[in-house]
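Visitor: I would like to learn how to read a ligand site and a few single residues in a model. Where should we begin?

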Amino acid sequence: MTMASQPAEAVGTVVVLREIRRSDVELMAYWPRFDEAELQWANLDLTTAEQRDAWYERNRSIGHRRRFTIWDHHGRVIGTVGLRNIDFRYGEGTLGIIVNAADVGKGYGTDAVNTIVEFAFEQLGLRKVYLDVAEDNVRAQRSYEKVGFVRIGQHRGTEGLTYVDMSLSRERFQSRAARF
Ligand SMILES: CC(C)(COP(=O)(O)OP(=O)(O)OC[C@H]1O[C@@H](n2cnc3c(N)ncnc32)[C@H](O)[C@@H]1OP(=O)(O)O)[C@@H](O)C(=O)NCCC(=O)NCCS
């Protein structure tokens, strides 16, 4: 069996990540939405079956991308986390995550980030994970810092917003993990 045909699972402390299936998107369509203007991008447009099909096709795992749903211990799908732009030659990929509006600030996101980073380094064999985060998204930055990400720069997005660039190397992640 090839790696691509085996849906991956990664077990964290308070969440489990499962490689996304089309049926998960039906559950994600019920997620409460963010009111904050700066988080409107995190409200997924999944109202119609066509939108759900299209979102799934754009985001599901393929060669250079891995997409998971985040499950809590009650068996609820509370978020989605993924790696995109995976380059196996250079051992790098870029992380993205959304926890639904009702479940932020409860520790799920940090555990999901920690779990997918561990998956990236130990299962995919990557050496470095990158991400970018809006400068005003302090909650996300705090979460990434707790996992070990460090600020490496910043850039201006197309809408004029400033984004902070962060990265985490396998060595740093493993040396931090060894302390606990
Ligand atoms: C970013 C995200 C994944 C973080 O996950 P989470 O489950 O909400 O975060 P956690 O509860 O694990 O940790 C949040 C940390 O930020 C802190 N925090 C929360 N709100 C904060 C704020 N306004 N300012 C500073 N710190 C804040 C919390 O206290 C906690 O730190 P602590 O454990 O040291 O107390 C989640 O909030 C999310 O998906 N948000 C919407 C979409 C988004 O922003 N995605 C990331 C885009 S780069």
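Guide: With the rule for the shell: a residue is near a molecule if one of its heavy atoms lies within 4 Å of it. This is a predicted model, and here 23 residues surround the ligand. The closest are Val99, Gly109, Thr110, Asn137 and Lys146.

Visitor: Which polar atoms of the protein lie close to oxygen atoms of the ligand, counting N or O pairs within 3.5 Å?

Guide: Both backbone and side chain can supply such atoms, and the listed cases include each kind. From the backbone, a polar atom of Gly107 is 2.8 Å from a ligand oxygen, and an N or O atom of Gly109 lies 2.7 Å from an oxygen of the ligand. From a side chain, a polar atom of Asn137 is placed 2.7 Å from a ligand oxygen.

Visitor: How much of the ligand's accessible area does the protein cover?

Guide: On its own the ligand has 950 Å² of accessible area, and the protein covers 73% of that.

Visitor: Which elements give two or more residues to the shell?

Guide: They are strands β5 (92-99) and β6 (128-134), together with helices α3 (108-122) and α4 (138-147). The largest share, seven residues, is from α4.

Visitor: How do the shell residues divide by chemical class?

Guide: There are twelve nonpolar, six polar and five charged residues around the ligand. Gly is counted among the polar ones in this scheme.

Visitor: Now a single residue. Is His155 buried, partly exposed or exposed?

Guide: Partly exposed is the class between the buried limit, under 20%, and the exposed limit, over 50%. His155 has a relative accessibility of 30%, so it counts as partly exposed. Its place is in strand β7, residues 150-156.

Visitor: What does His155 touch beyond its neighbours in sequence?

Guide: Leaving out residues up to four places away in sequence, His155 touches Asp132, Leu161, Thr162, Tyr163 and Asp165. With Asp165 there is a side-chain polar contact of 2.9 Å. Asp132 is 23 residues from His155 along the chain, and their C-alpha atoms are separated by 8.9 Å.

Visitor: And the backbone: what is the phi of Asn85?

Guide: Asn85 is not a glycine, yet its phi is positive, at about 50°. Asn85 is found in strand β4, which spans residues 77-87.

Visitor: Why does Asn85 fall in its accessibility class?

Guide: The cut-off for exposed is over 50%. Asn85 is exposed because its relative accessible area is 52%.

Methods
Residues numbered from 1 in each chain as written. Predicted model: local features only at pLDDT ≥ 70, side-chain atom pairs only at ≥ 80, totals over all residues. Heavy atoms only, no water. Helix = DSSP H or I, 4+ residues; strand = E, 2+ residues; numbered from the N terminus. Buried < 20%, exposed > 50% of the residue type's maximum accessible area, 1.4 Å probe, protein only. Contact = heavy atoms within 4.5 Å. Polar contact = N/O pair within 3.5 Å; in protein donor to acceptor, adjacent residues only side chain to side chain. Areas by Shrake-Rupley, 256 points an atom, 1.4 Å probe, with all protein chains shown as cover.
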